[in-house]
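Here is a friendly walk through a structure, written for someone who likes cut-offs stated alongside the values. Have the viewer open as you read.

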Amino acid sequence: MSQSEAQSDVVNKPPLLWLQASIFAITLLVALTLVPWYGFTHGYSWTLVGLAYLFLWANGLSITAGYHRLWAHRAYKAHPVLKVLFALFGAAALQNSALIWCSGHRRHHRHVDDNELDPYSAKRGLWFSHMGWMLREYDAAKEDFSNAPDLLDDSIVSWQHRNYLAIAIAMNIILPVLIGLLVGDVIGALLLAGVLRLVISHHTTFFINSLAHFWGNQPYSDESTARDNSILALLTYGEGYHNFHHTFQQDYRNGARWWQFDPTKWLIKAGSWMGLTTDLKRIPSFKVQRSLLDMQFKRAEQKLAKVDTESKWAQQWRELLDKEYQHFAHNLNQWTELQREKYLQKKERLSEATHEFSNELQHKWHSTAFHSRLRELNFSLKMQRKRMQHLLLQLSDAQPV
Ligand SMILES: [Zn+2]
Ligand SMILES: [Zn+2]
């Protein structure tokens, strides 16, 4: 790029949002200077550290479980008490009202990686997707609620949007002062529960838009830049499994496997035991396995394409892959057939006027048979995934002769 082009690029940039930029800069500066200085000179009590940590988690989980999975994706339903808590502690994160946040996030999913329409497109670079997009008046980030009529109808979301400034100030200044009065250290509380909590909360959330689109692997899909990263999941209340999330955004889980660190998923699940959350959406295991296998086939094809396709070695691999692929296609057909049968049975059952004993018995038998066939199919896919994993490893290691 020539000097004049670079200059015109700077000139053409949208105007800077001074308030936002100042909040980010000042809070970061205070967190890096005054927070440690006060710690060295006065010290922070363990009670204060504990309360600030609790506030950080309430703050973070309100964004991930509330703003993100409940409101932006409607992955489950929540009791009004929980929604009010999400609205209050979500506003504490100073990331705008849920309405603005969610409509922007829905655009991110719909137009992911599109530099014009995705508000935080990763294709515009790490800095832009992290926070650069919030510092200037970019068109893609302008308020547009046309994709959020459900949220406009949600009384708690609307209430939070109308009173956002007052709630945000109360949560970021009054609450830390109250914490300070409780532990007898108002300045310490303002620094720790006010500023440091806010800065950590900001950057960990922003990692999901930036690092989670750059660093990690893509086991479910490579159609977007989104990646799964277990280290990021530790810092983002489970949202580091971003490749899964972009592939199956309706699922209330991001770390879908039981061992994956996803406290947001655990909170939502625990809420269901207490009647605070309902209608938790889960993508059927078969569909998840199908995506994983699809990607494995894609990778195997990419690896095979790099070798001499005429060689005997490559042909043997091709035969093996074709065999696996036929097996995969057969399982997919079986699954489609099973879904069709399930649909027809449901329809038939609904149309029956009486539920006689024999019908009831027949229904139970069908239902058991359906589930055992589904389990068999899932198992078959799981085993095939293992075989493919093995195959891919061998493909990487082996050299064509
Ligand atoms: Zn999302
Ligand atoms: Zn994303």
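Let us begin at one loop position. Asparagine 229 sits in the loop between α11 (186-209) and α12 (230-235); helices (H or I, at least four residues) and strands (E, at least two) are DSSP runs, numbered from the N terminus. With a relative accessible area of 5%, asparagine 229 is buried. Here buried means under 20% relative accessible area, exposed means over 50%, and partly exposed lies in between, with a 1.4 Å probe and protein chains only. Not counting residues up to four places away in sequence, asparagine 229 touches Trp215, Gly216, Gly240 and Tyr241, where contact means heavy atoms within 4.5 Å.

Before going further, a word on conventions. This is a predicted model, in which local features need pLDDT of at least 70 and side-chain atom pairs count only at pLDDT 80 or more, while totals for chains, interfaces and linings use all residues. Residues are numbered from 1 along each chain as its sequence is written, chains are lettered from A and ligands numbered from 1 in the order in which they are written, and side-chain values use heavy atoms, with hydrogens and water left out.

**Another residue of that loop**

Phenylalanine 214 also lies in the loop between α11 and α12. Its relative accessibility of 36% makes phenylalanine 214 partly exposed. Leaving aside neighbours within four places in sequence, phenylalanine 214 is in contact with Ala122, Gly125, Leu126, Ser129, Thr225 and Arg227. For the last of these, the C-alpha atoms of phenylalanine 214 and arginine 227 are separated by 6.8 Å, with their positions 13 residues apart along the chain counted as their spacing.

**The zinc site**

Which residues are the protein donors of the zinc ion (ligand 1)? They are His68, His73, His105, His109 and His245, each through NE2, lying 2.0 to 2.2 Å from the ion. Donors are N, O and S atoms within 2.8 Å of the metal (3.2 Å for Na, K and Ca); water is not among the atoms, so sites may look incomplete. The spacing of the donor residues in sequence is H-x4-H-x31-H-x3-H-x135-H. One pair links distant parts of the chain: histidine 73 in the loop between α4 (46-72) and β1 (77-78), and histidine 105 in helix α6 (residues 98-110), 32 residues apart. Histidine 73 is buried at a relative accessible area of 10%, and histidine 105 is buried at 3%.

**Positive phi angles**

Most residues other than glycine have a negative phi. Arginine 74 has a positive phi of about 50 degrees although it is not a glycine, and aspartate 113 has a positive phi near 70 degrees. The table places these two residues.

| Residue | Phi | Location | Relative accessible area |
|---|---|---|---|
| Arginine 74 | about 50 degrees | loop between α4 and β1 | 46%, partly exposed |
| Aspartate 113 | near 70 degrees | loop between α6 and α7 (126-135) | 13%, buried |

**A nonpolar patch and an arginine**

Leu165, Ile169, Ile173, Ile174, Leu178 and Leu181 make a nonpolar surface patch of about 610 Å². Leucine 181 belongs to helix α10 (residues 164-183) and counts as exposed at 58% relative accessibility.

Arginine 257 is found in the loop between α13 (242-247) and α14 (263-273). A relative accessible area of 30% makes arginine 257 partly exposed. Not counting residues up to four places away in sequence, arginine 257 touches Tyr220, Lys265, Leu292 and Arg385. The C-alpha atoms of arginine 257 and proline 15, 242 residues apart along the chain, are separated by 44 Å.

**The whole chain**

How many helices and strands are there in the protein chain? There are 17 helices and two strands. The C-alpha trace spans about 70 × 70 × 45 Å along its principal axes. Of the 401 residues, 45% are buried. Among contacts between residues at least 6 apart in sequence, 70% join residues at least 24 apart.

The domain assignment gives domain 1 (10-278) and domain 2 (285-397), with bounds that come from an automatic or database domain assignment. Their centres, taken over C-alpha atoms, are separated by 37 Å, and the contact takes nine residues from each of domain 1 and domain 2.

Technical notes
Patches are made of residues with over 30% relative accessible area and no salt bridge: like charges are joined within 9 Å, nonpolar side chains (Val, Leu, Ile, Met, Phe, Trp, Tyr) within 5 Å. Accessible areas come from the Shrake-Rupley method with a 1.4 Å probe; for residues, only the protein chains shown count as cover. A salt bridge is a side-chain nitrogen of Lys or Arg within 4 Å of a carboxyl oxygen of Asp or Glu.
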